[in-house]
Amino acid sequence: MRSAAVLLLFAAASALAQTPPPNPPTPPDPEGIPQHDLNRTPPTVVTPVAGVPPAVPGRPPSDAVVLFDGKDLSAWKSQGKDAPAAWKVENGYMEVVKGTGAIETRQSFGDVQLHIEWMTPSPAVGQSQDRGNSGVFFGGGRYEVQVLDSYESATYPDGQAGALYGQFPPLVNACRPPGEWQAYDIVFEMPRFDATGVLVRRARATVFQNGVLVQNARELIGPTTNRVRTPYSAHPAALPLSLQDHNHPVRFRNVWVRELKLP
């Protein structure tokens with residue numbers, strides 16, 4: 001017959017074995033700052049450039065591929081499916097329809113200059129990441145420039161508008177209020193892999209938000225994943241662009257892209 005002390009030790013050990021381990025600390029970025037650190041100093045708020053974007057969308061460059069001109073979603077499809085994009089189109093914009101999923105371009109792209117205008121809902125609903133959330137993705141859904149209502153709304157800096165999600169906060173917060181159109185002008189350079197699939201150059205992003213530089217030729221650590229650092233893995237040089245369905249009725253308009261022939 002086991003002693004009471006042995007039984008107590010056995011019970012304690014069993015309980016310990018069934019207790020889930022604590023969440024691992026979020027991995028740091030190259031500067032040693034944990035991912036999604038709420039104690040990170042938020043970017044300084046600045047007033048955006050007046051008239052960017054203009055009240056009426058301008059004409060794209062002559063060599064641009066127009067992805068959305070306010071009329072239809074013929075250049076898009078449901079992400080990962082051979083099915084039409086299910087978002088709403090009206091009054092010159094497209095709007096996320098909750099639960100329909102992300103949409104992606106039918107055409108694939110490598111290095112690009114992308115122009116896209118977006119608007120978060122007004123009046124604002126929710127807080128932090130649950131407030132006007134969407135995202136602009138490159139590389140077949142791998143690399144995200146965050147879309148979020150970050151106007152007088154706190155969240156972790158590497159997840160606010162203009163951030164390379166989960167990696168680098170914007171240099172400044174150049175957001176307009178919810179219900180106003182905002183613009184991203186993004187130069188995105190795809191990563192380079194050698195013939196054996198080894199990474200030889202990281203992806204790189206330069207981002208202007210409302211005419212203000214918020215990312216300057218920033219090299220991404222890898223894919224922009226949540227609460228984990230995912231390493232690069234070889235993928236095609238050209239892949240679709242995509243927009244995220246994060247269950248918020250974010251709007252987009254005047255979307256065009258220029259294909260770049262960079263070294």
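This report describes the strands, core, cavity and some local backbone features of a predicted protein model.

## Overall make-up

The protein chain holds one helix and 17 strands. It has 263 residues, and buried residues make up 45% of them. The chain exposes about 13200 Å², of which carbon and sulfur atoms supply 57%.

Among contacts with a separation of 6 or more, 69% are between residues 24 or more positions apart. One example of two residues separated in sequence is tyrosine 184 and phenylalanine 208: they are 24 residues apart in sequence, and their C-alpha atoms are 5.7 Å apart in space.

## The five-stranded open sheet

Five strands form an open sheet with antiparallel pairing, in the order E3-E6-E16-E8-E9. At its edges are strand E3 (76-78) and strand E9 (143-147), each of which pairs on one side only.

Inside this order, strand E6 (residues 103-105) and strand E16 (residues 242-243) pair in the antiparallel sense over two bridges. Isoleucine 103 has leucine 243 in E16 as its bridge partner. Both of these residues are also among the contacts of tryptophan 76, leaving aside neighbours of the tryptophan within four places in sequence.

## Strands paired with E17

Strand E17 (251-259) takes part in several antiparallel pairings. Three bridges join E17 to E2 in the antiparallel sense, and in this pairing phenylalanine 68 has valine 255 as its bridge partner. Strand E5 (residues 93-95) pairs with E17 over two bridges, also antiparallel. Here glutamate 95 is matched with arginine 251 of E17 as its bridge partner.

E7 pairs with E17 in the antiparallel sense over seven bridges. In E17, valine 257 is the bridge partner of leucine 114, and arginine 258 stands opposite glutamine 113.

## Strand E7 and its other partner

E7 (112-119) also pairs with E11, again in the antiparallel sense and over seven bridges. Tryptophan 118 has glutamine 182 in E11 as its bridge partner. E7 is mostly covered, with seven of its eight residues buried.

Tyrosine 184 lies in strand E11. This tyrosine counts as buried because its relative accessibility is 0%, below the 20% cut-off.

## The largest nonpolar core

The largest nonpolar core has 44 residues; those that touch the most other members are Trp76, Met94, Leu114, Phe138, Tyr184 and Phe188. The elements that each give two or more residues to this core include strand E2 (65-68), strand E8 (134-138), strand E14 (204-209) and strand E15 (212-219). E7 gives the largest share, four residues.

Apart from its neighbours within four places in sequence, tryptophan 76 is in contact with Leu67, Phe68, Ala85, Met94, Ile103, Glu104, Thr105, Arg106, Leu241, Ser242, Leu243 and Val255. Phe68 and Val255 in this list are bridge partners.

## The cavity

How many cavities of 30 Å³ or more does a search of the whole structure find? The search finds one. The largest cavity holds about 30 Å³ of space.

Its lining includes Gln35, Gly166 and Gln167. The other lining residues are Ile221, Gly222, Pro223, Thr224, Thr225, Val228, Arg229 and Thr230.

## Cis peptide bonds

Valine 52 and proline 53 are joined by a cis peptide bond, with omega about 0°. Proline 53 is placed in the loop between strand E1 (44-45) and E2. A cis peptide bond also joins serine 122 and proline 123, where omega is about 0°. Proline 123 is in the loop between E7 and E8.

## Two asparagines with positive phi

Asparagine 91 has phi near 50°, a positive value in a residue other than glycine. It is found in the loop between strand E4 (88-90) and E5. Is asparagine 91 buried or exposed? Asparagine 91 counts as exposed because its relative accessibility is 71%, over the 50% cut-off.

For asparagine 210, phi is near 55°, again positive in a residue other than glycine. Asparagine 210 is found in the loop between E14 and E15. With a relative accessible area of 0%, asparagine 210 is buried.

Terms used: Residues numbered from 1 in each chain as written. Predicted model: local features only at pLDDT ≥ 70, side-chain atom pairs only at ≥ 80, totals over all residues. Heavy atoms only, no water. Pairing = 2+ DSSP bridges. Core = buried A, V, L, I, M, F, W, Y, C linked by side-chain atoms within 4.5 Å. Buried < 20%, exposed > 50% of the residue type's maximum accessible area, 1.4 Å probe, protein only. Contact = heavy atoms within 4.5 Å. Areas by Shrake-Rupley, 256 points an atom, 1.4 Å probe, with all protein chains shown as cover. 1 Å grid on protein atoms, 1.4 Å probe; cavity = no way out; pocket = protein on both sides within 12 Å on 5 of 7 lines; lining within 4 Å. Points joined across faces, edges and corners; volume = space filled by probe spheres on them.
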